[in-house]
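Visitor: I have a predicted model here, and I would like to understand one part of it properly, with each step of the reasoning laid out.

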Amino acid sequence: MLEVSLQIAMVLVTIAMLLSFYRLLKGPSRLDRILALDTLYINSIAILVLAGLVFSSPLYFEAALLIAVMGFVGTVALSKYLLRGDIME
């Protein structure tokens, strides 16, 4: 039962990733694209956690943690660039 639930969750998260990628490409504004990129990070973290549960490997959880950190830094840098036009002060 758990394996079926994990597979269904992986399919749904993959669909969410595709929709976020579409919004990233076709976003009407730059802010929408940043939000889509942030959603892609979150969905990739979810996929890695689900893969870690399916394969029973802690390596996927560490990769998810790294993507979370890089996603946060990337989102902050892009938002700062859009607000001020410069990342470093």
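Visitor: What percentage of the contacts in the protein with a separation of 6 or more comes from residues 24 or more positions apart? After that, please take a close look at helix α2 (residues 30–55).

Guide: Residues 24 or more positions apart account for 44% of the contacts in the protein with a separation of 6 or more. Please keep in mind that this is a predicted model, and let us begin with the setting of the helix you chose. The protein has three helices and zero strands, and its pattern along the sequence reads α-α-α. Its radius of gyration is 15 Å, well over the 12 Å that the globule rule gives for 89 residues, so the protein is more spread out than a compact globule. Along the principal axes, the C-alpha trace spans about 50 × 25 × 10 Å, and 20% of the 89 residues count as buried.

Now to helix α2 itself, beginning with how α1 meets it. The 25 residues of α1 should span 36 Å at 1.5 Å a residue, and the end C-alpha atoms of α1 are indeed 36 Å apart, which agrees. The buried residues in α1 are L6, V13 and S20, and what covers them includes α2. Take S20, which sits in helix α1 (residues 2–26): its relative accessible area is 8%, and because buried means under 20%, S20 counts as buried. Leaving out residues up to four places away in sequence, S20 touches A36, T39, L40 and N43.

The view from α2 can be followed through L50, which is found in that helix. L50 has a relative accessible area of 13% and is therefore buried, and beyond its neighbours within four places in sequence it is in contact with L6, A9, M10 and V13. Two of these partners, L6 and V13, were named above among the buried residues of α1. Not every residue of α2 is hidden in this way, for L35, which also lies in helix α2, is exposed, with a relative accessible area of 54%. The C-alpha atoms of L35 and L18 are 14 Å apart, although 17 residues separate them along the chain.

Next comes the link from α2 to the following helix. S56 lies in the loop between α2 and α3, and at 64% relative accessibility it counts as exposed. Its phi is near 55°, a positive value in a residue other than glycine, and this deserves notice because most residues other than glycine have a negative phi.

Beyond that loop, the axes of α2 and helix α3 (residues 59–84) come within 9 Å and cross at roughly 175°. That angle makes α2 roughly antiparallel to α3, since angles over 145 degrees count that way. The residues of the contact between α2 and α3 divide into 18 nonpolar, five polar and two charged.

Helix α3 gives a matching check of length, because its 26 residues should span 38 Å at 1.5 Å a residue and its end C-alpha atoms are 38 Å apart, in agreement. Its buried residues are A64, G71 and T75, and these pack against α2. T75 and L50 are 25 residues apart in sequence, and their C-alpha atoms are 23 Å apart in space.

To gather the picture, α2 helps cover the buried residues of α1, while the buried residues of α3 pack against α2 as well.

Conventions: Residues numbered from 1 in each chain as written. Predicted model: local features only at pLDDT ≥ 70, side-chain atom pairs only at ≥ 80, totals over all residues. Heavy atoms only, no water. Helix = DSSP H or I, 4+ residues; strand = E, 2+ residues; numbered from the N terminus. Buried < 20%, exposed > 50% of the residue type's maximum accessible area, 1.4 Å probe, protein only. Contact = heavy atoms within 4.5 Å. Axes fitted to C-alpha atoms, helices over the stretch in contact; angles between N-to-C directions. Parallel < 35°, antiparallel > 145°, perpendicular 65-115°, else oblique. Nonpolar A, V, L, I, M, F, W, Y, C, P; charged D, E, K, R; others polar. Expected span 1.5 Å × (residues − 1). Rg over C-alpha atoms; globule rule 2.2 N^0.38 Å.
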